[in-house]
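I sat down with this model today and kept a few notes as I went. Here they are, in the order I looked things up.

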Amino acid sequence: MYDVIVIGGGPGGYVAAIRAAQLGMKVACVEIRGSLGGTCLNVGCIPSKELLHASHLYEQAQGGFAKLGIKVEGVSLDLPRMMKAKTQVVTGLTKGIEFLFKKNKVDYVKGMGRILAAGKVAVTGADGSEQTLETKNIILATGSEAMPLPGVDVDEETIVTSTGALTLAEVPKHLVLIGGGIIGLEMGVVWHRLGAKVTVVEFLDRIVPGVDLEVAKEMQKLLKKQGFDFRLSTKVTKAERTTEGVRLSLEPAAGGETDVLECDTVLLAIGRRPFTQSLGLAEAGVEVDQRGRIAVNGQFQTNIAGIYAIGDVIAGPMLAHKAEEEGVACAEMMAGQHPHIDYNCIPGVVYTHPEIAWVGQTEEDLKKAGRAYKAGKFPFMANSRARAVGDSEGFVKVLADAETDEILGVHIIGADAGTMIAEAVLAMEFKASAEDIARTSHAHPTLNEALKEAAMAVAGRAIHA
Ligand code: FAD
Ligand code: NAD
């Protein structure tokens with residue numbers, strides 16, 4: 001008899017399993033994929049960041065180094081080697097989780113998990129074998145999958161989701177992204193750097209919804225400069241395979257005349273939906289909401305006693321670090337502890353170049369809520385480190401309460417925004433004011449000085465701009 005069985009070995013599930021074991025529980029983690037780490041390590045965060053890094057260096061070697069007086073000749077692409085390097089990173093990290101399971105005495109059960117009833121999990125192995133495991137508690141952490149689009153049939157070769165986009169055998173001549181969200185931009189940037197023409201077809205009149213609008217507009221401007229084409233307020237109604245590739249039928253989002261776009265590869269990236277099909281939720285009586293997400297209370301409990309859910313299968317941003325926080329909190333709550341997650345302080349990052357990173361409220365959120373705020377902005381063009389390394393696109397924006405000066409949101413578009421945002425997240429966790437950051441000594445010359453200056457700008461006293 002286990003104390004906890006976790007179904008799903010992604011960042012939510014494997015972290016919950018390890019934390020529960022640390023707290024003295026007897027734990028098993030059931031995973032069907034054949035390797036641990038979930039979407040994130042196998043077909044998400046890690047392989048995409050590896051390709052973003054490699055493709056950025058390739059692009060730099062083609063022209064960026066020359067500006068610094070470094071001559072590089074005969075640069076060429078070895079795509080199979082680039083893909084192999086990515087696979088090596090993924091394998092190393094997934095094996096690392098297996099090691100952590102052994103170290104923490106978590107039983108790794110390979111197979112598909114299904115709820116038979118509270119306290120009972122059936123596991124079907126790859127060879128068809130069945131076993132039933134008994135447990136006091138079950139944590140559902142089965143993650144998400146790409147959202148399909150009627151009329152656009154994915155084959156993961158010419159019409160791909162992010163999974164196929166991570167393993168293309170050749171650089172597309174013309175890649176069309178259906179969806180100008182996070183996956184579209186990150187994968188589009190990789191293949192654009194490696195030589196593809198890229199067109200973004202986005203339903204809304206803006207890209208990356210959820211990101212502060214001023215930042216999103218700046219990103220679109222910079223991507224346009226890099227060579228991206230944008231078709232905003234446009235929807236794809238059909239994708240037909242032709243001898244040359246794919247013919248897409250487009251229509252204005254509001255309806256109207258159709259148009260045709262020819263390309264050789266299509267990336268469908270219009271969002272992700274919870275993956276729960278194999279769990280037997282209906283039979284077990286576990287409730288889901290109208291979007292198919294498992295319904296939980298503030299303690300991650302479903303409507304069935306002893307069954308919990310975390311990560312992409314429940315509401316909230318579909319992010320690895322959000323799933324991890326929930327994994328830790330869920331295990332600690334089971335052990336009688338009282339952890340707390342401030343969802344307003346979960347950062348978001350888009351790993352393009354420049355990167356986008358944010359935490360808290362956008363200007364649009366604050367206007368909608370009728371909250372009086374002050375904004376302080378500082379451009380990387382005026383930051384000496386950004387200038388020294390020749391990477392000075394973008395800005396930092398700090399939003400603070402007009403009366404109390406409490407920081408309500410921080411939005412960064414810049415070379416290392418994803419790393420920089422940690423300072424803002426910590427400040428917001430401690431309910432810091434803009435003045436707290438403004439009066440904190442920041443090492444010189446660093447990119448984070450731009451955050452300090454933006455915080456100073458909230459009070460109209462930036463020094464360098
Ligand atoms: P998952 O990671 O999806 O793990 C669920 C696991 O459950 C899977 O391994 C699945 O095989 C297994 N499973 C499903 N059903 C069963 C069953 N019945 N029995 C046994 N096992 C089962 N997030 C970030 O924070 N940063 C990023 O940079 C980032 N990049 C991304 C890039 C891409 C291309 C994609 C697709 C996603 C990215 N994400 C990123 C999102 C991130 O991957 C997810 O938010 C995160 O993996 C969710 O964790 P999870 O544990 O809830 O689910
Ligand atoms: P997304 O929600 O970020 O973007 C989807 C985009 O598709 C939106 O802009 C939406 O308006 C558009 N869209 C929807 N229907 C459309 C249609 N019919 N035609 C054209 N456009 C349409 O979703 P995603 O890019 O698929 O990514 C899914 C999730 O994966 C993200 O929300 C994020 O949580 C996670 N992810 C995170 C990272 C990261 O943290 N760096 C990276 C990749 C993925």
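For my notes, a polar contact is a pair of N or O atoms within 3.5 Å; within protein, one must be able to donate a hydrogen and the other to accept it, and residues adjacent in sequence count only if both atoms are side-chain atoms. I am working with a predicted model, where local features need pLDDT of at least 70 and side-chain atom pairs count only at pLDDT 80 or more, while totals for chains, interfaces and linings use all residues. Residues are numbered from 1 along each chain as its sequence is written, chains are lettered from A and ligands numbered from 1 in the order in which they are written, and side-chain values use heavy atoms, with hydrogens and water left out.

**Entry: ligand 1**

I began with ligand 1, where an N or O atom in the side chain of H321 is 3.2 Å from a ligand oxygen. A polar backbone atom of C40 lies 3.4 Å from an oxygen of ligand 1, and a backbone N or O atom of G113 is 2.8 Å from a ligand nitrogen. I found 39 residues around ligand 1, with E31, T39, K49, G113 and S278 coming nearest; to be near, a residue needs a heavy atom within 4 Å.

**Entry: ligand 2**

Next I turned to ligand 2, which 23 residues surround, and noted I183, E186, E202, M318 and V349 as the closest. A backbone N or O atom of V349 sits 2.8 Å from a nitrogen of ligand 2. Two ligand oxygen distances to polar backbone atoms also went into my notes: 3.2 Å for I182 and 2.9 Å for G271.

**Entry: domains**

I looked up the domain assignment and got domain 1 (2-145 + 273-341), domain 2 (159-270) and domain 3 (345-458); such bounds come from an automatic or database assignment. Between domain 1 and domain 2, the C-alpha centres are 28 Å apart. How many residues of each are in contact? I count 17 from domain 1 and 14 from domain 2, contact meaning heavy atoms within 4.5 Å.

The two domains bury about 1,200 Å² between them, 68% of it on carbon and sulfur atoms; buried area is the accessible area (1.4 Å probe) that two parts lose on being put together, summed over both. V43, L52 and L79 supply 34% of what domain 1 buries here, more than any other three residues.

I also found two salt bridges between domain 1 and domain 2, a salt bridge being a side-chain nitrogen of Lys or Arg within 4 Å of a carboxyl oxygen of Asp or Glu. E59 and R193 meet in a salt bridge at 3.8 Å, N to O. Four residue pairs are in polar contact across these domains.

**Entry: salt bridges overall**

The whole structure holds 24 salt bridges. In one of them, R273 and E145 meet at 3.0 Å, N to O. I like this pair: R273 is in strand β16 (residues 272-274) and E145 in strand β7 (residues 144-146), 128 residues apart. Helices (H or I, at least four residues) and strands (E, at least two) are DSSP runs, numbered from the N terminus.

**Entry: backbone oddities**

Most residues other than glycine have a negative phi, and most peptide bonds are trans. I therefore noted the exceptions. H353 and P354 are joined by a cis peptide bond, with omega about 0°, and P354 lies in the loop between β18 (348-350) and β19 (355-360). Another cis bond joins H444 and P445, with omega about -5°. V208 has a positive phi, near 30°, in the loop between β10 (197-201) and α7 (213-226).
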